[in-house]
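Reader: I would like a close look at one part of this model: a salt bridge and its surroundings. Please take me through it, then set it beside the others.

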Amino acid sequence: MSLGEKIVKLRRENNYTQEQLAEILNVSRQSVSKWESDLAYPETDKLIKISELFNCSLDYLLKDVDCNDKKNNDSIFNFMNLKFQERKSKKTFKGLPIYHIGKNAKGVIAIGLNAKGVIALGFKATGLISFGMLSVGIFSFGFLSIGILAIGLLALALISAGCFSFGLLALGSISFGIVSLGAIAIGDFSIGALAVGKYFAYGDNARAMIAIGFTKTSGTFYESLGNLSSHDIIEVKDCLDLVVPNYFNFIKEIIKFFLR
């Protein structure tokens with residue numbers, strides 16, 4: 001099989017037109033046509049780009065071997081034990097393909113080892129909605145997640161949920177936030193088995209200026225052990241008004257609501 005025949009085969013397998021391949025390689029469509037017809041040969045830097053794009057070796061491109069004999073030289077690559085074949089939509093939106101599946105995917109919907117898109121799925125994913133080992137987005141889900149809303153083993157966001165979570169509102173086994181809920185909760189307002197708060201803590205073991213606990217409490221301004229009586233609830237609400245700054249009024253009112 002000639003070099004030109006291999007380029008044709010790889011291009012078609014990966015759903016590229018001659019125009020798309022030419023644009024990626026920064027050459028004219030006529031150049032691609034000549035390569036595929038074996039009327040001309042790509043320069044070395046173009047061969048390297050072709051091998052990277054189609055995930056094949058230079059040996060495969062240049063040596064006279066059958067397609068079936070190549071090893072790990074086609075457009076299929078392993079990603080977390082799944083196989084993805086290079087695919088790219090011909091239709092675009094704002095210059096991006098509607099979908100792109102590939103090693104370095106970039107599209108409205110992007111799936112790949114390194115994916116960037118409105119919706120991105122990959123080992124490293126960046127997008128409005130992202131799913132990945134490392135994910136960054138408005139809505140982010142993954143092992144390490146960063147975003148406005150993040151869910152992951154380690155989550156960092158305005159609203160975060162995970163084994164370890166950091167955010168304005170943090171929920172997790174171990175959580176750190178303005179409002180923190182978790183087995184171990186640390187923040188300005190904390191609820192958890194072990195709750196450590198600046199202003200308010202509620203849990204089995206509670207420590208804060210206002211501490212409400214069931215086994216152990218440590219409150220510098222107010223503390224209560226066990227269930228709250230009606231009188232206790234009134235006292236806690238008064239204490240909240242005294243110690244919580246005005247910029248936390250919204251959170252304070254939510255706590256008061258649930259103390260009813």
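Author: In this predicted model, Lys252 and Asp241 form a salt bridge, with their closest N and O atoms 3.4 Å apart. Lys252 belongs to helix H7 (residues 249-258) and Asp241 to helix H6 (residues 230-243), so the contact ties together parts that are 11 residues apart in sequence. The two partners differ in their surroundings: Lys252 is buried, because its relative accessibility of 6% falls under 20%, whereas Asp241, at 38%, counts as partly exposed. The pair also belongs to a network of salt bridges that links Asp241, Lys252, Glu253 and Lys256.

A search of the whole structure finds 6 salt bridges. Among them is the one between Glu13 and Lys9, where the closest N and O atoms are 2.1 Å apart. Here the partners sit within helix H1 (residues 3-13), 4 residues apart, which means that about one helical turn separates them. Glu13 is partly exposed, with a relative accessible area of 21%, and Lys9 is also classed as partly exposed, at 27% relative accessibility.

Another of the salt bridges joins the side chains of Lys46 and Asp45, at 4.0 Å from N to O. Lys46 counts as buried, its relative accessibility being 11%. Its partner Asp45 is partly exposed, at 37%.

As for why such pairs occur at all, side chains of opposite charge can pair when their charged atoms come close.

Methods. Residues numbered from 1 in each chain as written. Predicted model: local features only at pLDDT ≥ 70, side-chain atom pairs only at ≥ 80, totals over all residues. Heavy atoms only, no water. Helix = DSSP H or I, 4+ residues; strand = E, 2+ residues; numbered from the N terminus. Buried < 20%, exposed > 50% of the residue type's maximum accessible area, 1.4 Å probe, protein only.
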